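Here is a short tour to read with the model open beside you. It begins with charged contacts and then moves through the strands to the open spaces.

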Amino acid sequence: MGPAHPDAVRPDPLRPEPVPGCTFCSIAAGNTPALRFYEDEHAVAFMDRLPMTVGHCLVIPRHHVTDVWDLTDDDAAQMMQAVRRVAGLVRERLEPAGLNLLNNNGAAADQTQFHFHVHVIPRYGRDRLLHPWERLFAPAGEIEAAYRLLSAPGPHARATAAPGS
């Protein structure tokens, strides 16, 4: 076997190795069959085997990242760029009425594959997909209490305008 093509994606020494037993690592590496239709240096998109609607697909990073809290800023930017490109393909070729992006983090949020991924779910109006959550008005003070916690100074806080300003 000769030298690798100069444009071939090479393993990045700063990136973790594929996790043994991780289906999505195996798909990203090309070792497990999947209906892949988009790839770039950082991400792979393929059809979901249990689709919620026609065209439901997944976008995953090529390297193992467990969830949103495991993403670096670069990972997050690269994934969102890939998600946007895949959403564009879905819009152009399937012509849905709308689109949902869904990401579950942790077992309590129904994450079943512990390799970060974003569901791209085309919507066609009266499709069979229902909202997975129930929306109710929050008890008095609950929103403001969460706001105070989230807006408190800290290591990841960013300067923002005060509400109503």
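## Salt bridges

The count comes to five salt bridges in this predicted model. A good place to start is arginine 36, whose side chain meets that of glutamate 39 in a salt bridge, with 2.6 Å from N to O. These two residues also belong to a network of salt bridges that links Arg36, Glu39 and Arg62. How covered are the two partners? Arginine 36 has a relative accessible area of 26%, so it is partly exposed. Glutamate 39 is likewise partly exposed, because its relative accessibility is 43%.

Another salt bridge joins the side chains of glutamate 92 and arginine 93, at 3.7 Å from N to O. Here both partners are out in the open: glutamate 92 counts as exposed because its relative accessibility is 56%, and arginine 93 counts as exposed because its value is 60%. A further salt bridge brings together aspartate 127 and arginine 123, at 2.9 Å from N to O. Keep arginine 123 in mind, as it returns below in strand E5.

## The overall plan

The protein chain has three helices and five strands. Read from the N terminus, the order of its elements is α-β-β-β-α-β-β-α. Of the 165 residues in the chain, 30% are buried.

## Strand pairing

Let us follow the pairs along the chain. Strand E1 (residues 36–39) and strand E2 are antiparallel and are joined by three bridges. A hairpin of three residues leads from E1 to E2, and tyrosine 38 stands opposite alanine 45 in E2. Both ends of the salt bridge described first, arginine 36 and glutamate 39, lie within the residue range of E1.

E5 has pairings with two strands that are worth tracing. Strand E3 (residues 57–61) runs antiparallel to E5, with three bridges between them; leucine 58 has histidine 119 of E5 as its bridge partner. Strand E4 (residues 98–102) also runs antiparallel to E5, this time with five bridges, and glycine 98 is partnered there by arginine 123.

## A covered strand

Is strand E5 mostly covered or mostly open? Strand E5 (residues 118–123) is mostly covered, with six of its six residues buried. In a regular strand, side chains alternate between the two faces of the sheet. In E5, Val118, Val120 and Pro122 are buried on one side, while His119, Ile121 and Arg123 are buried on the other. Arginine 123 thus combines three roles in this picture: a buried residue of E5, the bridge partner of glycine 98 and the salt-bridge partner of aspartate 127.

## Surface and loops

Out on the surface, Val54, Leu94 and Tyr124 make up a nonpolar patch with about 270 Å² of accessible area together. Valine 54 sits in the loop between strand E2 (43–47) and E3. With a relative accessibility of 61%, over the 50% cut-off, valine 54 therefore counts as exposed.

The loop between H2 and E4 holds glutamate 95. Its phi is near 50°, a positive value in a residue other than glycine. Glutamate 95 counts as exposed because its relative accessibility is 64%.

## Pocket and cavity

Rolling a probe the size of a water molecule over the atoms shows where empty space is left. The largest pocket has a volume of about 700 Å³. Helix H1 (23–29), E2, E4 and E5 are the elements that give two or more residues to its lining. In total, 32 residues line this pocket, and Asp48, Met52, His56, Asn104 and His119 lie nearest its centre. Histidine 119 is thus a pocket residue as well as the bridge partner of leucine 58.

How many cavities of 30 Å³ or more does the structure hold? There is one, and the space in the largest cavity is about 40 Å³. Its lining is made of His42, Ala43, Pro61, His63, Asp75, Gln78 and Met79. Helix H2 (residues 73–94) gives the largest share of that lining, with three residues.

How values were computed. Residues numbered from 1 in each chain as written. Predicted model: local features only at pLDDT ≥ 70, side-chain atom pairs only at ≥ 80, totals over all residues. Heavy atoms only, no water. Buried < 20%, exposed > 50% of the residue type's maximum accessible area, 1.4 Å probe, protein only. Helix = DSSP H or I, 4+ residues; strand = E, 2+ residues; numbered from the N terminus. Pairing = 2+ DSSP bridges. Patch = residues over 30% accessible without salt bridge, like charges linked within 9 Å, V, L, I, M, F, W, Y side chains within 5 Å. Areas by Shrake-Rupley, 256 points an atom, 1.4 Å probe, with all protein chains shown as cover. Salt bridge = Lys/Arg side-chain N within 4 Å of Asp/Glu carboxyl O. 1 Å grid on protein atoms, 1.4 Å probe; cavity = no way out; pocket = protein on both sides within 12 Å on 5 of 7 lines; lining within 4 Å. Points joined across faces, edges and corners; volume = space filled by probe spheres on them.
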